Amino acid sequence: MGTRMIDHQPLIFDHAAQFFTVTNPKFAELVDDWLKRGLVREWQGTIGELEVGGHFVPFPSSPPKYIGVNGMRPLADSLLSQTSLVNVVRPCWVSTLEPFNGTWHFSEKEKPCGQFDAIVIAHNGKCANRLLASSGLPLIARQMKRLELSPIWALLAAFEDPLPTAVNAESLPFEGAFVKGVESVSWMANNTKKLLGRDSGPQCWTFFSTATFGKQNKVPQESIPAATAERVKEAMLEGVEKALGLSKSSLQRPFYTRLQLWGAALPTNTPGIPCIFDPHGRAGICGDWLLGSSLESAAISGIALADHIADYFQQGGPCSDEFAVGLHDEYKPLEGHDIGQFPGLESVDQTGKAPALTLTT
């Protein structure tokens with residue numbers, strides 16, 4: 001849930017989660033509260049599918065699609081203000097966790113970070129695997145290592161003028177589009193229109209690559225070679241041209257760009273369970289990948305593990321296997337779009353959509 005703001009321009013980009021849908025009743029309660037507090041709103045802008053060559057098919061307005069009012073990051077930040085029971089310490093890099101006398105001792109490069117009754121791992125990928133490797137949690141570590149993740153490139157680009165127009169329209173007929181038939185681009189969204197409702201001034205766009213393109217061009221995300229960054233940027237901008245049906249090199253050059261590699265962006269397999277918990281180690285795992293790849297899945301997973309840990313300690317923290325969850329579940333391939341799942345959208349009947357619109361240069 002990342003939002004990047006460039007104050008002196010001003011420019012704004014959602015550069016991770018783009019929007020979310022709601023199908024689960026528990027998640028719906030959360031979203032209703034966010035709506036009342038003005039943290040989220042329904043995204044009324046048109047989104048749909050854009051096929052190579054500029055053929056756009058809009059989605060119906062149902063199911064509702066939600067976004068953060070000022071981007072997705074402020075919604076995540078708002079969770080910290082909801083309770084006085086949580087003490088968030090940052091920055092804090094936990095490099096070692098060790099069991100000792102019924103508790104967990106954390107340290108950062110041999111500097112003590114405190115001791116705790118239980119731990120929750122809400123992270124994945126190489127960092128989590130390294131942390132778990134010597135933790136004495138073999139079942140938790142094994143389940144985490146089974147997770148497979150796909151890399152995705154995100155390109156933030158600001159243009160002086162609106163992108164090429166559609167037939168008989170003053171602007172593109174969409175604010176967000178799932179791109180089909182282009183290897184280097186899977187999603188594009190106009191953040192200026194989406195978040196600010198503005199047609200004039202600089203146009204801030206977020207472009208995501210496909211998972212295949214991400215894998216083909218994967219490098220260490222901490223140190224992306226300049227040559228790779230330039231090659232990826234040009235390939236993605238060329239992909240935008242193909243998606244819009246423009247001739248090569250005819251797209252206006254953006255005056256601002258920022259490229260980011262999400263090296264462990266999205267899961268490609270899942271155990272299909274809300275959470276994992278080891279009562280003997282007093283350790284649990286939560287995350288969207290346990291159920292799918294969506295904001296809704298992340299919330300439901302967090303709620304499930306919180307409830308389970310509460311029940312566990314209310315009964316005295318027993319080591320009995322009755323509190324073991326998900327330690328032996330098998331993983332299955334995870335279906336969905338390259339940028340995640342949007343529950344409710346996948347059931348839309350394609351034949352019930354409006355006719356395709358063809359974009360022109």
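## A greasy patch on the surface

Let's start on the outside: Leu 80, Leu 85, Val 86 and Val 88 make a nonpolar surface patch of about 400 Å². One of these residues, Leu 80, lies in the loop between α2 (72–78) and β7 (96–100). Leu 80 has a relative accessibility of 40%, so it counts as partly exposed.

That loop has another feature. Pro 91 also lies between α2 and β7, and the peptide bond leading into Pro 91 from Arg 90 is cis, with omega near 0°.

## The overall picture

Keep in mind that this is a predicted model. The chain has eight helices and 20 strands. Its C-alpha atoms fill a box of roughly 70 × 45 × 40 Å along the principal axes.

How does the radius of gyration fit with that of a compact globule? For 361 residues, such a globule would come out near 21 Å, and the chain has 22 Å, which agrees. As for what's tucked away, buried residues make up 46% of the 361 in the chain.

## Rings meeting rings

There are 21 aromatic pairs here. Take Phe 27 and Trp 34: their ring centres are 6.0 Å apart and their planes sit at 85°, so this pair is edge-to-face. Phe 27 and Trp 34 are both buried. Then there's Tyr 312 with Phe 313, where the centres are 5.0 Å apart and the planes are at 80°, so that pair is edge-to-face too. Tyr 312 counts as buried because its relative accessibility is 1%, while Phe 313, at 36%, counts as partly exposed.

Some rings join up into a group. Phe 19, Trp 43, Phe 59, Phe 178, Trp 187 and Phe 342 are linked into a cluster by ring pairs. Trp 43 has a charged visitor as well: Lys 194 lies over the face of its ring, 5.2 Å from the ring centre.

## Backbone oddities

Back to cis bonds for a moment. The peptide bond from Ser 62 to Pro 63 is cis, with omega near 5°, and Pro 63 is found in the loop between β5 (55–58) and β6 (66–68).

Two residues other than glycine have a positive phi: Asn 101, near 55°, and Arg 282, near 50°. Asn 101 belongs to the loop between β7 and β8 (103–108), whereas Arg 282 is in the loop between β17 (276–278) and β18 (283–285). Are these residues buried or exposed? Asn 101 is exposed, with a relative accessible area of 73%, but Arg 282, at 15% relative accessibility, counts as buried.

Definitions and conventions
Residues numbered from 1 in each chain as written. Predicted model: local features only at pLDDT ≥ 70, side-chain atom pairs only at ≥ 80, totals over all residues. Heavy atoms only, no water. Phe/Tyr/Trp six-rings, centres within 6.5 Å; stacked < 30°, edge-to-face > 60°. Buried < 20%, exposed > 50% of the residue type's maximum accessible area, 1.4 Å probe, protein only. Lys NZ or Arg CZ within 6 Å of the ring centre and 35° of its normal. Patch = residues over 30% accessible without salt bridge, like charges linked within 9 Å, V, L, I, M, F, W, Y side chains within 5 Å. Areas by Shrake-Rupley, 256 points an atom, 1.4 Å probe, with all protein chains shown as cover. Salt bridge = Lys/Arg side-chain N within 4 Å of Asp/Glu carboxyl O. Helix = DSSP H or I, 4+ residues; strand = E, 2+ residues; numbered from the N terminus. Rg over C-alpha atoms; globule rule 2.2 N^0.38 Å.
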